[in-house]
Amino acid sequence: MATPIHLSRRTLLSLAGLGAGAVALGGCGDSGSDSAGIEWWHIQNTDPMLPVWAAFAEEFQAQNEGVGITITPLENEAFKARLTTVTQAGDPPDIYHTWGGGVLRQQVEAGLCQDITDAVAPWRDILQPASTLPYEIDGRLYGVPFDIGMVGFWYNKALFADAGITAPPQTWAEYLEVVGRLKSAGITPIALAGGEKWPGHYYWAYLAMRIGGIEALSQAAEDDNFTTPAFIGAGERLAELVALEPFQEGFLGASYGQPDGQAAAMGNGDAAMELMGQWAPAVQEEASGVEGGLGTDLGFFPFPAVDGGQGSASDAFGGGGGFAIGRDASPDAIRFLEFISQVDKQRRAVATGAFLPVTIGAEDAIEDPNLAAVAETLANASNFQLYLDQAYAPAVGQEVNDRVAELIAGQMTPEQVAEAVTVVAQR
Amino acid sequence: MDRNLRRRRISDRITIGLFMLPALVLFGVLVVVPILVAAYTSLFRWNGFGGLPTDFIGLDNFVRLLDDPVFIGDLRRGALLVVLSVTVQLPLALGLALLLNQKLRGRAVYRVLFFAPYVLSEVITAVLFDMVFSQNRGLANHVLRLVGLEGLSSTWLSDPSTVLYSVFLVMTWKYFGFHMILLLAGRQNIPRELHEAAATDGAGGWQIFRHVTLPLLAPTIRISMFLAVIGSIQLFDLVWVLTGGGPLNASETMAVTMFQYGFRRFEVGYASAISIAMFLISLTFAVLYQRFILRRDLEGAMTTMGDQR
């Protein structure tokens, strides 16, 4: 394997998609120090970020005599399983990975993590304001981000040119036209990891955002009602796309990061585009085994607007990684988060190519032009929506993924999807 | 009764008790307590976070189970796997066992080869077959192309209509060797004289099989069947790694559904209800099977041992 570049839980989830059972065994502790000062669980368990985090811990300890940091790097699924176990025992780690949103809310309600609003207030302004939103619950802050990114269309410029498409589509109607042109040119328009479901939910979520605006999404969560025009309309627009049969053969069972999956199809030039987060180029290269991936043929465009929709085409959908502070942690743990949030640390993380920074001023360390494009789009974003399967309670998020997958398979209508999600939300 | 004898019996009991204590404690802590905890949490709406569950909902989780299309589907798919195991996998194992009982060049090598998949873990098996069934680079489609049967090549694991059969194929590959070895051992326990006597009486190959081999092999077949059924009901690793239960739940088993609810949706109460349902189904089957089908074997085993040795 080449060097895997892991940017998010999704990347980890899919690249390590060989099964939770196998990797759970590998998730053993890697102690950075003898003294049991701060217990730190993160999920950057591979290069390039694993050594970077370790170095930060070393440096912090060197500056703070007597503070020991014990690091436990875990694979994504193993992390979730193990965190569930320790939180059930009421004993969360001092610093642990979080994606914010619905899961963090459940942890907050169970009293497992600290309200760090006041502790972070003195230095919070070094962070991009949007980046902290997923970690705010009822106006209080429960986590500090270290990475942020967004989902958009990655496309193969050469294949677009072959189909005679000169510019990326601006609206959904244009998008459908692009898909049609690619199909008539004999090119698979879209690669989709239908087997993993979460990539499919991006379409539904983005369409709902474009149709109803970001408020429609938060309102739905508040009212536990997804049978609104935004979500049903999203299902209808998505059904239009599905009717064009735009996905690669066997997409229903396809994985994301494995050699036969979505990212590999893009990296090999077998499909013209994919809707994916900022980690996509790295995974394309990794999964296809093509050195450098698509290189300069790879382009990025934001999700198109929907005619008559209330959402702005500059509203961004995505997420990032952050750290929460366990309920029994000492103030040193928060000081450590401050330490790793400094612009020089973020630059070092960004330099690995695996990171989009949350600290203002670290953006210029981004070298890859595509990642720079994502960062720019994100910086100009009018609104930011967390992935639905993170933003909502986990049961609701999974229901979204499962039902949208059935919509994409042609087994459910837009109304049925909206109703099923509503039933779970009201449970 | 002799006082010494009585004292010895008591001290025997104490000894037995002491020797059993560690096992009983382990069994209690690792088996009984978790079952009780799962039974308890199955009565709550609970996301698994922090402390004990508080939102008591009685048997609602179980009522919900009966109305859950995925769970009902699990039962249907489980039943199909059981039927396939018994009608395809076991006859295959039996055939090979009888074949490898013949004088055959390289017999020992075949036995090892056929048994080898059983030694692999389910996870490794699944990773292996993930590659075999891979659409573009997979061995399965490649071989079909090579022998000119391209029409039969398939998207195996990506098509809801073929995925469960593909999973069953992998199950069979992994487990037929185990059943074959069981049956082979059972076959070798049949005294040669019986076959010789039957042959002397003029019985043909089929008649000998039908009236001598099969009846005497029946106890082994029944044990084999029992293991195949219980294995099918509890199937998890293989499916989880190979397909994750997809596409669209088409290969999902009860254990996969339980994991999905427990660790993906954080509906630990509901997941507990699924685990209890699984436990009850397995237990009911095991008790009924032992009561009605294995009983004669258990009794019979004692007498045959008495007769033969």
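**Exercise 1. Decide whether Asp270(A) is buried, partly exposed or exposed in this predicted model, and describe its surroundings.**

Solution. Asp270(A) has a relative accessible area of 44%. Because buried means under 20% and exposed means over 50%, with partly exposed in between, Asp270(A) counts as partly exposed. The next step is to place the residue: Asp270(A) is found in the loop between helix H11 (262–267) and strand S9 (271–276) of chain A. Leaving out residues up to four places away in sequence, Asp270(A) touches Thr188(A) and Ala265(A). Finally, Ala191(A) stands 79 residues from Asp270(A) in sequence, while their C-alpha atoms are 8.3 Å apart in space.

**Exercise 2. Find which residues touch the most other members of the largest nonpolar core, and follow one of them, Leu241(A), to its contacts.**

Solution. The largest nonpolar core has 138 residues, and those that touch the most other members are Tyr175(A), Tyr203(A), Trp204(A), Leu238(A), Leu241(A) and Met273(A). Helix H9 (residues 198–223) of chain A gives the largest share of this core, with 13 residues. Once neighbours within four places in sequence are set aside, the contacts of Leu241(A) include Trp172(A), Tyr175(A), Ile190(A), Tyr203(A) and Phe247(A). There is also a second, separate core of 26 residues, with Val123(B) and Met171(B) among them.

**Exercise 3. Compare the settings of two salt bridges, Lys197(A) with Asp402(A) and Arg237(A) with Glu240(A).**

Solution. In the pair of Lys197(A) and Asp402(A), the closest N and O atoms are 3.2 Å apart. Lys197(A) lies in the loop between strand S8 (188–190) and H9 of chain A, and Asp402(A) in helix H17 (residues 394–408) of chain A, so the pair ties together parts that are 205 residues apart in sequence. Both Lys197(A) and Asp402(A) are buried.

For Arg237(A) and Glu240(A), the N to O distance is 2.9 Å. These residues are separated by about one helical turn, because they are three residues apart in helix H10 (residues 229–243) of chain A. Arg237(A) is partly exposed at 24% relative accessibility, and Glu240(A) is partly exposed at 31%. Salt bridges that share partners also form a network, whose members include Lys197(A), Asp402(A) and Arg265(B).

**Exercise 4. Work out over which residues of chain A the pLDDT stays under 50, and how this bears on reading the model.**

Solution. Chain A has a mean pLDDT of 88, and 92% of its residues reach 70 or more. Over residues 1–35 of chain A, however, pLDDT stays under 50. Where pLDDT is low, the predicted coordinates should not be read in detail.

Conventions: Residues numbered from 1 in each chain as written. Chains lettered and ligands numbered in written order. Predicted model: local features only at pLDDT ≥ 70, side-chain atom pairs only at ≥ 80, totals over all residues. Heavy atoms only, no water. Core = buried A, V, L, I, M, F, W, Y, C linked by side-chain atoms within 4.5 Å. Buried < 20%, exposed > 50% of the residue type's maximum accessible area, 1.4 Å probe, protein only. Helix = DSSP H or I, 4+ residues; strand = E, 2+ residues; numbered from the N terminus. Contact = heavy atoms within 4.5 Å. pLDDT = per-residue confidence, 0-100. Salt bridge = Lys/Arg side-chain N within 4 Å of Asp/Glu carboxyl O.
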